[in-house]
Amino acid sequence: MALIRITSPHVHKPASTADIMRLVILATLPGVLAMTFFFGWGTLINILWAAFLALAFEAACIKARKRPLYFYLKDNSAVLTAVLIALALPPFAPWWLTMVAVFVAIVIAKQLYGGIGQNPFNPAMIAYALVLISFPVEMTRWTAPFMLHGEGWNVLGFIDTLQLIFGGWSEHADAFTSATPLDEMRHRGGLTTEEAWRASDVLANVGAWHAVSAAYVMGGIFLLYKKIFSWHTPAAMLLSLGAIATFFYLIAPDSYADPFFHLTVGGTMLGAFFIATDPVSSATSNKGKIWFGIGIGSLIYIIRTWGNYPDAVAFSILLMNLAAPFIDQYTQPRTYGHKAPKRGIKEKA
Amino acid sequence: MSIDYRKITLDGLWHNNPALVQLLGLCPLLAVTASVVNSISLGIASTLVLTGSNLTISVFRKFIPDAVRLPIFVMIIASFVTCIELLMQAVTYELYQILGIFIPLIVTNCVIMGRADAFASKNPVSASVLDGAMMGIGFTIILILLGGLREALGSGTLFADMHLLFGPVAESWKITLVDDYKGFLFAILPPGAFVGLGLLIALKNIIDKRLKERQSANAPIQVKETVSKRVRVTGQIS
């Protein structure tokens with residue numbers, strides 16, 4: 001007769017993948033609202049459209065791979081990928097752009113590698129990088145934060161936005177587009193940063209970006225509180241980016257943007273809290289996560305400042321995804337009672 | 001020893017296809033196949049070099065000392081490549097400029113070196129020539145497939161600029177699949193070639209699997225493994 005003895009900790013119910021994914025989707029809500037508030041209906045439409053496509057592609061792939069359909073569809077991971085893609089794309093991205101991105105994310109970056117949990121790269125970032133490389137015109141046509149000016153929401157209503165996304169681009173719509181602050185900073189010509197700040201309309205509206213970043217931080221802190229991910233990756237990433245930016249800003253404030261700018265515009269916060277923390281494609285141990293975060297933070301600064309692309313979150317995360325197995329190899333924690341592992345070149349006995 | 005010409009042909013075209021199975025010559029395969037015309041011209045050039053080098057090496061195989069065989073192979077291959085390069089310069093100068101460095105780089109194409117070492121240096125002339133031609137054609141077919149795939153996805157056309165290779169007759173061969181196509185840069189860039197080649201390999205594996213199933217349903221035919229040693233850059237070369 002076996003007596004079942006239950007000891008602490010008394011965990012009532014392990015979190016399922018579906019629960020975690022749902023929480024993460026929930027945590028993007030402040031960011032979604034902020035994006036919608038500043039950049040119009042486009043974000044919401046893109047999210048719905050991307051989620052629909054993601055479920056459709058996922059279902060088709062699972063069917064083709066002869067796996068249980070409902071079991072995989074209900075884990076919400078496809079929807080989360082879709083939401084992240086939609087948040088990363090420009091709010092007025094045409095429908096086919098979203099479709100290509102979601103197809104690449106779900107079919108190529110996820111299912112062809114073996115489905116959930118098997119992808120070496122973050123599917124949303126693969127998709128983003130691919131469309132960024134393939135369609136530079138559409139991808140750099142970011143929306144102006146027109147909500148800040150005058151009539152706000154009346155300027156471009158829901159129906160108009162639908163037409164813009166599904167009907168095709170019209171010259172009329174050019175009034176609602178602008179470069180991103182990172183773009184503006186990157187291509188400021190011979191101006192110093194201070195002159196760029198004074199001269200540029202885009203940089204004058206940087207408040208919208210700060211607000212969106214703050215909303216992502218709120219979502220991230222919620223996830224941290226819910227223990228969906230540990231603090232190591234985002235903290236290491238943000239601190240390293242901030243430290244490097246501070247260093248260069250102190251050396252030459254005229255040629256390098258300030259650290260606050262680097263932390264609060266572009267995809268930094270979205271990347272730090274929602275994408276770099278992806279448990280599948282990031283490093284595993286806490287020490288590994290710190291190195292992983294440092295790598296991302298430094299690469300973001302390097303590519304933003306000296307690379308060809310104004311923003312670099314996607315590329316940095318993908319590059320560090322590539323390095324994650326290597327990091328894991330060298331940061332394997334020591335199990336209790338064992339000696340520190342000897343790695344590298346072995347001494348001759 | 002009788003030579004199994006059928007097996008050599010099938011190996012070159014399918015079972016041991018240089019691009020799909022041996023995964024050799026990836027550098028030109030991935031870099032050049034952005035359009036059908038590039039693929040065809042590189043394929044033809046590689047096939048000619050491969051056949052010629054196999055022929056020459058097979059003729060002289062008894063005189064080539066084993067210890068210095070690789071430098072000798074390289075010199076033979078290089079002379080053929082030089083011939084092809086001059087020929088292309090004379091006949092299709094524009095194409096020569098488009099393909100640029102990849103024509104001289106045929107020298108380093110592992111398919112050619114691999115076949116020279118693994119086949120031509122051990123087999124009689126007729127078998128070696130056939131092997132070179134079939135390996136070359138197998139390589140060319142994959143180049144063309146990949147080129148077609150990438151050109152269709154990347155630029156929305158097929159057989160564009162064929163007149164560079166076949167003269168003014170071919171100018172009307174261009175098929176525009178989608179009018180006013182915006183272009184899908186990813187397919188033109190090298191990453192697209194990787195994905196495309198991966199899909200082609202997957203397709204071959206599916207076909208092989210189906211064939212095997214059908215074969216095992218009928219009388220099983222044993223396909224003997226080739227005894228040739230593969231060219232490897234790592235590990236021990238026995």
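Two residues are said to be in contact if their C-beta atoms, placed from the backbone, lie within 7 Å. With this term in hand, the predicted model shown above can be read from the fold of chain B towards the nonpolar cores.

Consider the contacts in chain B between residues at least 6 apart in sequence: 79% of these join residues at least 24 apart. The chain itself contains ten helices and two strands. Read from the N terminus, its elements follow the order α-α-α-α-α-α-α-β-α-β-α-α. Chain B is as compact as a globular protein of its length, because its radius of gyration of 19 Å is close to the 18 Å that the globule rule gives for 238 residues. Along the principal axes, the C-alpha atoms of chain B fill a box of roughly 60 × 50 × 35 Å. Of the 238 residues in this chain, 37% count as buried.

The interior may now be examined. In soluble globular proteins, nonpolar side chains tend to be buried together. The largest nonpolar core in this model comprises 102 residues, and those with the most contacts inside it are Ala82(A), Ile85(A), Val102(A), Ala127(A) and Tyr128(A). The greatest contribution to this core comes from helix H5 of chain A (residues 77-88), which supplies ten residues.

Tyr128(A) illustrates how such a core is joined. When its neighbours within four places in sequence are left aside, Tyr128(A) is in contact with Ile85(A), Ala88(A), Ala101(A) and Ala314(A). A second core, separate from the largest one, has 40 residues; among them are Ala45(B), Phe73(B), Ile77(B) and Phe80(B).

Technical notes
Residues are numbered from 1 along each chain as its sequence is written. Chains are lettered from A and ligands numbered from 1 in the order in which they are written. This is a predicted model: local features need pLDDT of at least 70, side-chain atom pairs count only at pLDDT 80 or more; totals for chains, interfaces and linings use all residues. Helices (H or I, at least four residues) and strands (E, at least two) are DSSP runs, numbered from the N terminus. The radius of gyration is taken over C-alpha atoms; the globule rule is 2.2 Å times the number of residues to the power 0.38. A residue is buried if 20 or more other C-beta atoms lie within 10 Å of its own, exposed if 12 or fewer, and partly exposed in between; C-beta atoms are placed from the backbone. A nonpolar core is a set of buried Ala, Val, Leu, Ile, Met, Phe, Trp, Tyr and Cys residues joined through C-beta atoms within 7 Å.
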